[in-house]
Amino acid sequence: MRIPPSALIGLILTGVFIFSAIFADLLMPYAYDLPVGTQWEGPSATHWLGTDTIGRDILSRLIKGGQITIFVALAASILSFAMGSFFGFLAAVSGGWTDQILSRVCDLMMAIPSLIVALVLLSVLPLNLTVLILVMGVLDSTRVFRLARAVAMDIAVMEYVEAAKLRGEKWGWVIFREILPNALSPLVAEFGLRFIFAVLFISTLSFLGLGVQPPLADWGGMVKENKDGLSWGISAALVPALAIALLAISVNLVADWVLSRTSSLKGGRG
Amino acid sequence: MTSEKPLLEIRGLVIEATSYPPGEAPKNVTLVHGVDVTLQKGRVLGLIGESGAGKSTIGLSSMAYGRGGVRLTGGEILLNGREIREARPATLRQIRGREVTYVSQSAAASFNPSKRLMDQVIETSLSHKIMSKPEAEARAVMLFRKLGLPSPETIGSRYPHQVSGGQLQRVMTAMALCPKPDLVIFDEPTTALDVTTQIDVLAAIKEAIQDTGVAALYITHDLAVVAQVADEIMVLRHGKKVELGTTDQIINRPAEDYTKALVSVRGIEHDEKPEAPPLLRIDCVSARYAGTTFDVLKNISIGLPAGQTLAVVGESGSGKSTLARAITGLLPPTKGRIHFDGRQLSADFAGRSRDDLRQIQMIYQMADTAMNPRQTVGTIIGRPLEFYFGLKGSARDKRVQELLDQIEMGRGFADRYPAELSGGQKQRVCIARALAAKPKLIICDEVTSALDPLVADGILKLLLELQAETQMAYLFITHDLATVRAIADKIAVMYKGEVRRYGQKSDVLAPPFDDYTDLLLSSVPEMRLGWLEEVIAHRKANGTTSGNTV
Amino acid sequence: MHPIVKLLVQRIALGLVLLLAVSAVIFLGVEALPGDTAQAILGQSATPQALENLRAQMGLDQPALTRYFNWLGGVMTGDLGKALTNGVDISQAIGQRLGNTLFLAGCAAVIAVPLALILGAVAARYAGRWPDKVISAVTLTTISLPEFVAAYFVIYLLTILFPVFQPVAMVFPGMSFWAKLQAVALPVIVLVMVVLAHMMRMTRAAILNVMQSAYIETAELKGLSPMTIIWKHAFPNAIAPVISVVAINLAYLVVGVVVVEVVFSYNALGQYLVDHVTKRDLPVVQAVGLIFAAVYIGLNIIADVTAIIANPRLRHPK
Amino acid sequence: MTEKLDWMVARARQGKMTRREFVGRTTAMGVSAALASALYTKAAHAEVKKGGTMRVGLAGGESTNTLDPALAASVVPQVGNASWGEQLVDMNPDGTIDFRIGEEVSSSPDSKVWTFKIRQGVTFSDGKPVTAEDVLATFKRHTDENAQSGALGIVKGISDMKAEGDKLTLTLDQPSADLPYLLTDYHLIIQPGGGYDNPNAGVGAGPYILETFEPGVRYVLKKNPNYWDDSIGHADSIEILSINDNTARTAALQSGQVHMMNRIDPKIAQLLANAPGVEVRRAVGRGHYVFIMHVDKAPFDNNDLRMALKLAVKREEMVEKVLGGLGSVGNDFPINAAYPLFDDTIPQREYDAAAAKAAYDKSGHDGSPIILRTAPGAFPGAVDAANLFAASAQAAGIPLQIQLEPDDGYWSNVWNVQPFCASYWGGRPTQDTMYSTAYLSTAEWNDTKFNNAKFDELLLAARAELDETKRKADYSAMAHIVRDEGGLILPMFNEFVAGIRANEIGGWIDDPNAEMMNYRAPSKCWLV
């Protein structure tokens, strides 16, 4: 398999992020929630990335924050994909009223801006990770629904699906064995993009004070905690911002690659 | 041959491309291995071969154009005495559209859907500053008229989708001739058309070439077609020249075995079986698509005995594929009944028993889309075994291998994916899948249309053998009369949703004909010089025109 | 009736029905929120007596459905009610803020849309080569930053390091157009950064997709220059997907700029909404939600209508 | 002391103090006569400049704000109101009364009947003269429950009001020596007819006249040409911009978009102080960040447990890390040196793990977790402070655990409901008001459920006591009671940290009464 260098970089970085997220508790040099130094120390031998506004170790918080960020974004994306693609495939395969109802509900949900729904919901619901994941996942599932439905529609008219139906296969086989394997590539690529949007969305929510709650912090929350230092070149704010960008870029690179593989599978002209 | 300097001279042309086989490292493949082509001004050279022979690639190389990442890596291409293989893009832009123009197989796809025809036809003349806009438009109208297009004055103001396929193909020819090029490449210009349409377009192209005196490369896989227009024919195979000669010599005295095979293709003979009680009986079936107001099937009544083949013939839009959908229950008829094996079938496939579904299998035209690209051949063939007969594990694998043997594919195919197979192999796998269900009836929907003639012959032979072995009945849908002759016991000729002629093969193919059947039969190109002129002359004399307002 | 007119009427009617449904969802959804508005308004300084007074004053005792139809009637006549928190007429308060929102979105769109189309076309023209890679890398970076990070970065760069713009982007009636432009420069830059990438990538993808078409080969074989091919042959056929992306991004500009408004203290709808969400000022949340939904639906209708009109098959039926 | 000196320098600068008076008062503070004289010369020559447009960037404004002074609860409306409005009396930075509409005041010997003389010739911005009736109507409106006034608790102790000519007579339920201080409350802006017609009219008698008000966006005010006091209102116009984002507000000050700002984040105060063109001003205030226990609920009904928790706070660390050093340690009673009659001899409580442990053991607590509820919005840094508290308490063997609550609903569902949570107090002008608001057993906002008969008795006695020495002794005794028996854990007093453009703003005084020079910075300062 030929992997272009950009995708390779993306894969390696994504791997590093995931590794550090999984083994966060082993990798953290200090407790993420206890002050171990003074405010905003610069990088040093003891604190590789310096300390934050109340003297906590940035590297430890970055690792822990990465775990939270990736966990929440991943869980929300998985939820939105499970919901979105299930209903999307169902709509495409069933057609008729099922499709109409699902599609109109989706239109309805999309018409109300998700950030605003999130703001309103999160301002009244108890703030914890489960609620956060649920809200984000459900809101995002509309986008996945649209894509999954469109992709499945294209596949559902293929003759091999017709052949399976004519054979008398039940919809379980049609969805999971005929459609899903062929819809996977565009969905995987979309998963990468939605994951990134989820990361950015959590950051935004944290910025507005409705995201992950302290002393835990996602990267967006860390930027927020330290944002006043941004104008003074304090690394505490730059490092998590950089981490977000790096994660986003590397996942995007991988997604782009998956997507380009998909389209080359479909074949260009000639 | 004259001593005049040739218009186009290609020497030792080598063309390569990179292929990306699934699961393997990309590799270089050579598409054309050192081919020489010489074309004098005003002459027509036919390039013929199966798919993959490199004929289109060679044709496009005369514009130094490599389609889809194809690279012209070796040899010389001299156009009007100038080497163009390694010319700069700017130089090539001067040549393309001015000295050499191109007519593609699918005019429908080759016109920009969002621009008016006239703008596209005269675009080259204007961008190359060959003539002024009024001059170009006048020339375009002249060409439209010459090519026999209806209302030549106004057709240019239409959009591509407002014009039929045959007309578009002629407009595209006009587009190629408009800037007064030295050379036109015709790349399968009539292949996508119905036979009755093809003959008119072919005649129009031939006349236009003669009138304008332009040189042409005529690329096709159909020897009978190229024989009508070309002065010389080059037979290509696997990117190499097989034989080059005058049209007369190639058709009548082919030297190479391969050429002989091409000439004698469609040589399958099949004696029709006698009348017998029908396995499948269709009574007064009409059908229409949801949301439309007209019937696409009108009162169809036909029958098919067990172990026999009923060929349903017709052009595109005749309703022959819709008939297949009605029989399978994908499009429940609005009227009429379908009897199978002595019982009435539920109109909708969802209402049919698993055994009913098993008894009627279907094979599609495009084997590519008929197989799930994410399943192995073993799964594709094995699934009906599992589904209908509950075969599992080694019993299933054994049966899969038996079926593979039956379709003359060897060991090791069960683990491959469809993308790793050739076109003919794919269609064979589809046949095996149908076979796996042990059906009494197989509906074959244009199963050979997408295949090269020799490969198609192989498939037809296989089908006949299988029929002899298993006594399956075939409902064989096709537009190709040669195929019909080869395989049918009974024939139904369809036109605009109706059955125009139905009966035993020998009856249907014998005069007296109705108008449509006559037109259809007489439009099938015959592999002899002068056939085209004869038919056109005959039609002019009789005042008959083609069936469609092409 | 010309089929295209029929299609357009259908599409617009569908949009209106959707809007009506959305209004019901918004109204009833907001009504269903738990929590006590009066307590939220008065906060720590609430005395039991004051709370009671406030609740009585707001009259939250009628059934929800009745209030929905009253509200809908009001909306139809341009009366969005009064804010619970400060008794200000919502239509009036929103009017100017909506104007500001549209001004900001408009400025960003005027820059971002053409830029995205041009960059997308250039990237498609040089697909896989260095101009494509540079454009892709830059847009990938801007799309990978949370908006507020981009905003703070821009503030640091353009007000402190190189003081060319103002960090606080308030605009007022009576300001000259030029002064308004100067005031919104920073939020516009941030918004352009955020939406540019998406539109540019979609433009590129749409054009590349069209570039696979046979008629592009026809154009190449006509000896046309690559840019001519993209603009005259590819772009007109890539319009439908591009327009829908542009519409999504315009909707985002209008609706999704809450963060940018908060950072730059820009006095527009997003900021207004956030303030009222925390005070649980239901009429305002309902009104602003409805306006945002209307903007979204409206832009989608426009996109669909444009796509329908741009489609020659629909414009010139057989 | 520096504050006081600053203030006097400013008074001198404004020509409100003669050289003799200035030298006399400053030397009394221990400044040498020669230095005092030099200071006066310098101050008197630092000219007050008139004119220009002053732009002020403030955090603490929402689009839900109104012009009704009764409803003002955050800084932007407070500063706005102080600019277009005028009060009967106001606070001086040194803790004395600044007489505004009320020219002078006298009281009956029992401090029950107070008579204000209304300043004559003062007009509202609509041209009408300010009369005793207007003042009376204003106070009346604030006593009306429907007005939802934040000053309700202050004015409802007035049992009778009378306006006669230029005299306003107020009769109290209970004697209070502090009434003028109470009436400095920022809600009590005098409005024509009391604002009954239209509380949101924005018509007042202040140094500026309101031109534009956009809630949550800005106030634009023009100089009131008829304003009676020449020493206030120097700029031609004022623009108050609501800029809630710290970074944007700071950048606005740094880039010169605004001339002054409030609430500099403690974290960057030092960095900002070193930045060019900017001056950071700190005023020790009366506001304090607290953890409150309900003394009537288990386990906090046990004073040994309360004492254990009080001893388990590392106060200096909190000031350092939560306030960035911009504040001072608290001593578990809500009074500091910013209050008149403060007893500075009360010993400072320190972190003492051993004593805390001993007290905890003595309390007989069962060792189950003690839950402290907090939220990011309880006060800035509340979560960090709670974390620090938990860490030091656990070090002393007290099982203190933190539970995070959402900001939204914190003041309705947690504060005053849960027995132990984080909170804050803004401070009050006098000890009496502070204690009456939150520690009197019958007080509406008694958020520690404190109920001490001795304390109540002392408070009422002190209120009526006109002898300052005796009152000071009373207050000291009350402080001891709250400190040693109350449910209040008060680790720190916060400072007001503001920023001004260096060399562009004159007349700034660090005022402990409230933010932004007791909300009057825009009208008291001038553009250099």
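1. Let's start with a pair of residues in chain B of this predicted model. I48(B) sits opposite T220(B), which belongs to strand β8(B). The strand on the other side of that pairing is β3 (residues 44-48) of chain B, and five bridges join β3 to β8(B), with the two running parallel. If pairing is new to you: strands of a sheet pair through backbone hydrogen bonds, either parallel or antiparallel.

2. Stay with β8(B) a moment, and look at its other partner. Strand β7 (residues 183-187) of chain B also runs parallel to β8(B), again with five bridges. A handy spot to find this pairing on screen is V184(B), which stands opposite A216(B) in β8(B). To get from one strand to the other, follow helix α8 (residues 195-212) of chain B: β7(B), α8 and β8(B) together form a right-handed β-α-β unit.

3. Is β8(B) buried or exposed? Strand β8 (residues 215-220) of chain B is mostly covered, with six of its six residues buried. Colour the two faces separately and you'll see that both are covered. One side carries A215(B), L217(B) and I219(B), the other has A216(B), Y218(B) and T220(B), and all of these are buried. The cut-off here is 20 or more other C-beta atoms within 10 Å of the residue's own.

4. Now zoom out to the whole sheet. β8(B) is part of an open sheet of six strands in chain B, in the order β6-β7-β8-β3-β9-β10, and the pairing is mixed. The edges are β6 (100-103) and β10 (240-246) of chain B, each of which pairs on one side only. From one strand to the next, the twist averages 20°.

5. For the antiparallel part of this mixed sheet, go to strand β9 (residues 232-237) of chain B. Six bridges join β9 to β10(B), and these two run antiparallel. E232(B) faces T246(B) of β10(B) in this pairing. On the β6 and β7 side of things, helix α7 (residues 165-177) of chain B lies across both strands, running at about 175° to β6(B).

6. Chain B has another sheet worth a look. This open one has four strands, ordered β12-β11-β14-β15, with antiparallel pairing. Why do β12 (297-305) and β15 (343-344) of chain B each have one side without a neighbour in the sheet? They stand at the edges, each with a single partner strand, so one side of each is left without a neighbour there. Strand β14 (residues 335-340) of chain B pairs with β15(B) in the antiparallel sense over two bridges, and H339(B) stands opposite Q344(B) in β15(B). Helix α12 (residues 320-328) of chain B packs on this sheet and touches β11 (278-287), β12 and β14 of chain B, with its direction at about 70° to that of β12(B).

7. A few backbone oddities to check. Most residues other than glycine have a negative phi, and most peptide bonds are trans. E188(B) isn't a glycine, yet its phi is positive, at about 50°. E188(B) is in the loop between β7 and α8 of chain B, and it counts as partly exposed because it has 19 C-beta neighbours inside 10 Å. M516(D) also has a positive phi of about 50° without being a glycine, but M516(D) lies in helix α18 (residues 515-519) of chain D. With 28 C-beta neighbours inside 10 Å, M516(D) counts as buried.

8. Where are the cis peptide bonds from P511(B) to P512(B) and from A298(D) to P299(D)? P512(B) is in the loop between α20 (505-508) and α21 (515-523) of chain B. P299(D) is in the loop between β12 (278-293) and α10 (303-311) of chain D.

9. Over in chain C, look at two helices. The axes of α5 (residues 90-125) and α9 (residues 185-211) of chain C come within 7 Å and cross at roughly 35°. That crossing is right-handed, and the contact between α5(C) and α9(C) has 24 nonpolar, two polar and one charged residues.

10. Last, how the chains meet. Of the five pairs of chains in contact, chains C and D share the most contacts. Chains B and D don't touch, and their nearest C-alpha atoms are 49 Å apart.

Conventions: Residues numbered from 1 in each chain as written. Chains lettered and ligands numbered in written order. Predicted model: local features only at pLDDT ≥ 70, side-chain atom pairs only at ≥ 80, totals over all residues. Axes fitted to C-alpha atoms, helices over the stretch in contact; angles between N-to-C directions. Left-handed = near helix turned anticlockwise from the far one by under 90°. Nonpolar A, V, L, I, M, F, W, Y, C, P; charged D, E, K, R; others polar. Buried ≥ 20, exposed ≤ 12 C-beta atoms within 10 Å, placed from the backbone. Pairing = 2+ DSSP bridges. Right-handed = clockwise from strand over helix to strand, strands pointing away. Contact = placed C-beta atoms within 7 Å.
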